[in-house]
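Work through the exercises below with the model open. Try each task before reading its solution.

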Amino acid sequence: MQVPAPFEYVRASSVGEAIDLLERLGPEARLVAGGHSLLPMMKLRLATPEHLIDINPLAGELGDVREEGGEVRIGAMTRHRDVLESELLVRRFPIMRDAERRIADPPVRNRGTIGGALCQADPSEDLSAVCAALKASVVIRGRGGDRVLDMVAFHRGPYETAVGDAEMLVEVRVPVRPHGGSAYEKVERRAGDWAIAAAGAALWLDGATVADAGIALSAVNPRGVRCERAEQALVGRPPSEEAFAEAAALAAEDCDPIADQRGSAEYKRHLARELTHRALRRAAERTLAS
Amino acid sequence: MQITLSINGETRSAEAEPRTLLVHVLRDHLDLTGTHWGCDTSNCGACVVLVDGEPVKSCTMLAAMAEGHEITTVEGLARDGELDPVQQGFFEEHGLQCGFCTPGMMLTARALLNENPNPSDEEIRVAISGQICRCTGYANIVRAVRWAAEHEAGATAGEEAIA
């Protein structure tokens, strides 16, 4: 039987209370949202917090998806299922549904949250790449107030984010920009598994040329998820197959996959290139259709 | 800690450590052994119960986290000695062999039909995609859920009225 090591359990009924508890209980306290990353880690003793602060009572306060001030704001406690089924997100950012429908399975998606996924920062996790491709920002709250960071500043590497000891992620903000399209492509060993490699792409057009591009990879780059050189290669050019092939080659060149049971580094690099190309192609089709 | 849960409409209490998972409180503390304990890694779905009507893997939820929510286990499916149409469907369509995955499968089917009374085969397959069955090849499970959809109380009452 796998059970976590002993800990003290406390429930927070507001964001303010959660932050107070984090401060009072110190660095050995952890927040638990859906628990579908943290509890498995605790069962394996890869995480052994002394205090677990259950923030599920905040699902109402932090579980909203709404458009406001030129952004779509997604509460950190929004569960995967609600991200998947949000009409607003499907309309604005189809990349979200592409990714969500292939994250784990329905019962897991009923519990896991977008905030939990981003804070866990698993190197094979999908939503960090989705948010990075969309050039989203995250809101981190502490006693001193809110900090708003972009994904590059937030996502520091495997299992590491900019969230401090007595802070919590409360919201993801995705800018709504005109003439945009987005897509996510993933290859996994079987349905619901972690990615062998995955690529997210977003394009924003200005007339016949690319005004801005977002490209991010999952599972193939421990240093970060954004591919800035590939993005830059597209700006100012028509959204053509030739440009996409060039950007995909750069993304593959700049990633740093490791060989493991999911495949060789060479195979993953091949996937990074092919999936980036496909994601760009589909993002462009959606941009033109919007 | 004292954990008080609402299970199948009844209030039940157990004394358990905070680290105790919901599946173990159900099985070991409350003797509700209909919920099966399988892979322990949120992969197999044998331990699925409904939390506020949604399928959840009870091996990956602390019992303490379930306080204040409505839990439905397979023991709560039949009403007044009458099988739920989902249970009847698994019987009619041979939706089980060894039975290990069956409680979770039936609860997921119940949740699906509550939201979508007439699902397509594809929607049924997606709904049960987080649960593994090593016997049936899934075809009979899909048929069982279809049977239930076609024989829900409303539909049955209508047919009887016509007859």
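**Exercise 1. The fold of one chain**

How many helices and strands does the secondary structure of chain A come to? Then judge the compactness of chain A from its radius of gyration.

Solution. This is a predicted model. Start with the elements: chain A has twelve helices and 13 strands. Next, take the radius of gyration, which is 19 Å for chain A. The globule rule gives 19 Å for 290 residues, so chain A is as compact as a globular protein of that length. Last, take the extent along the principal axes: the C-alpha atoms of chain A fill a box of roughly 55 × 45 × 30 Å.

**Exercise 2. Domains**

List the domains of chain A, then give the separation of the centres of domain 1 and domain 3 of chain A.

Solution. The domain assignment splits chain A into domain 1 (8-53), domain 2 (68-174) and domain 3 (182-289). Over C-alpha atoms, the centres of domain 1 and domain 3 of chain A lie 34 Å apart.

**Exercise 3. The interface**

Describe the contact between chain A and chain B, from area to single pairs.

Solution. Begin with the area: about 2,300 Å² is buried between the chains, and carbon and sulfur atoms give 60% of that. Chain A brings 28 residues to the contact and chain B brings 29 residues. Now the pairs. Five salt bridges cross the interface. One of them joins Asp40(B) to Lys43(A), with the closest N and O atoms 3.3 Å apart. On the chain A side, β1 (8-11), α2 (38-43), β3 (51-54) and α6 (106-109) each supply at least two residues. The residues on that side divide into 15 nonpolar, six polar and seven charged.

Note on methods: Residues are numbered from 1 along each chain as its sequence is written. Chains are lettered from A and ligands numbered from 1 in the order in which they are written. This is a predicted model: local features need pLDDT of at least 70, side-chain atom pairs count only at pLDDT 80 or more; totals for chains, interfaces and linings use all residues. Side-chain values use heavy atoms; hydrogens and water are left out. Contact means heavy atoms within 4.5 Å. Buried area is the accessible area (1.4 Å probe) that two parts lose on being put together, summed over both. A salt bridge is a side-chain nitrogen of Lys or Arg within 4 Å of a carboxyl oxygen of Asp or Glu. Helices (H or I, at least four residues) and strands (E, at least two) are DSSP runs, numbered from the N terminus. Ala, Val, Leu, Ile, Met, Phe, Trp, Tyr, Cys and Pro count as nonpolar, Asp, Glu, Lys and Arg as charged, and the others, Gly among them, as polar. Domain bounds come from an automatic or database domain assignment. The radius of gyration is taken over C-alpha atoms; the globule rule is 2.2 Å times the number of residues to the power 0.38.
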